[in-house]
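User: I'm new to reading protein structures. Could you walk me through a few features, one at a time?

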Number of protein chains: 2
Amino acid sequence: LVPLSFAWSGDHVIIASETSAITTRNIVASERARLGLGQTRDVVMIDVVLVQNVSVREAPHAIAERYAEQADWDPRSSPGYAYLILLPERIQAWREVSEIPGRTLMRDGAWLV
Amino acid sequence: LVPLSFAWSGDHVIIASETSAITTRNIVASERARLGLGQTRDVVMIDVVLVQNVSVREAPHAIAERYAEQADWDPRSSPGYAYLILLPERIQAWREVSEIPGRTLMRDGAWLV
């Protein structure tokens, strides 16, 4: 469990993390992660699969620009960082108990809403 | 990674979770957990050890009352729930990169601030 900035490409979540960090190594090894956004009473949980792991030096310009714009931080000046491109498979969102029955918004990569 | 309500006793974090839930089973098995509070740019991370796992029916009155008051939800009407009493060992808090050097507020259970 670590706090990270992220960007959203429309299809993928993009995070940037040091290649040597435990977080990066765990995601690269398992090819899976769970992301949590929002607050105690307005929760978003996203189960993702890793689709690409690319160093900041070798990343496509569009990915780097998107990340810098949305995350308000540009890791291209930090050697040793990589972008992890993550594809959502399941998205759940709810405020409180009353919204738990309808909390799944995406399943197996397909939007339900 | 799951979203949970919690209460703070002054020394311990109290969460309530179904005894059969993966979260509960993982914490009971490992006797450890990492809690994340706050938001992307105002983070609190607490590494805790499990000190007590008590069903809602057998819990001391003071714990149940504290939890109900702070979490704004009372699991005593939900059979199968347990309180997990968690002792912080390490607490880290920071807003952005500038506060990372001083982010550790508790180490080995002792406040540094």
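User: Let's start with salt bridges: which residues of chain A are linked in a network of them?

Analyst: Keep in mind that this is a predicted model. A salt bridge pairs a side-chain nitrogen of Lys or Arg with a carboxyl oxygen of Asp or Glu, within 4 Å. Here, Arg34(A), Asp47(A) and Arg90(A) are joined in such a network. Searching the whole structure turns up 12 salt bridges over all chains.

User: What does the salt bridge between Glu89(A) and Arg32(A) tie together?

Analyst: Their side chains meet at 3.0 Å, N to O. Glu89(A) sits in strand S5 (residues 81–94) and Arg32(A) in strand S3 (residues 32–39) of chain A, so the bridge ties together parts that are 57 residues apart in sequence.

User: And where do the partners sit when Arg90(B) pairs with Asp47(B)?

Analyst: That salt bridge spans 2.9 Å, N to O. Arg90(B) belongs to strand S5 of chain B and Asp47(B) to strand S4 of chain B, so to speak distant parts of the chain, 43 residues apart.

User: How do I tell whether Asp47(B) is buried or exposed?

Analyst: Look at the relative accessible area: under 20% means buried, over 50% means exposed, and anything in between is partly exposed. Asp47(B) has 14%, so it counts as buried. Its partner Arg90(B) is at 30%, so that one is partly exposed.

User: Now the two chains. How is chain B related to chain A?

Analyst: The general idea is that two copies of a chain are related by a rotation about an axis and a shift along it. In this model, a turn of 180 degrees and a shift of 0.0 Å along the axis lay chain B on chain A, with an RMSD of 0.0 Å. That is what a two-fold axis does. The same surface serves both copies, too: 100% of the contact residues of chain B recur in chain A.

User: How many residues does each chain bring to the contact?

Analyst: Chain B gives 16 residues and chain A gives 16 residues. About 1200 Å² is buried between them, and carbon and sulfur atoms give 62% of that area. As for salt bridges across this interface, the rule finds 0.

User: Last one: which residues make the nonpolar surface patch?

Analyst: Trp8(A), Trp111(A), Leu112(A) and Val113(A) make a patch of about 450 Å². Take Leu112(A) as an example: you'll find it in the segment after strand S7 (110–111) of chain A. Its relative accessibility is 45%, so Leu112(A) counts as partly exposed.

Conventions: Residues numbered from 1 in each chain as written. Chains lettered and ligands numbered in written order. Predicted model: local features only at pLDDT ≥ 70, side-chain atom pairs only at ≥ 80, totals over all residues. Heavy atoms only, no water. Least-squares fit on C-alpha atoms with pLDDT ≥ 70 in both. Contact = heavy atoms within 4.5 Å. Patch = residues over 30% accessible without salt bridge, like charges linked within 9 Å, V, L, I, M, F, W, Y side chains within 5 Å. Areas by Shrake-Rupley, 256 points an atom, 1.4 Å probe, with all protein chains shown as cover. Helix = DSSP H or I, 4+ residues; strand = E, 2+ residues; numbered from the N terminus. Buried < 20%, exposed > 50% of the residue type's maximum accessible area, 1.4 Å probe, protein only. Buried area = accessible area lost by both parts, 1.4 Å probe.
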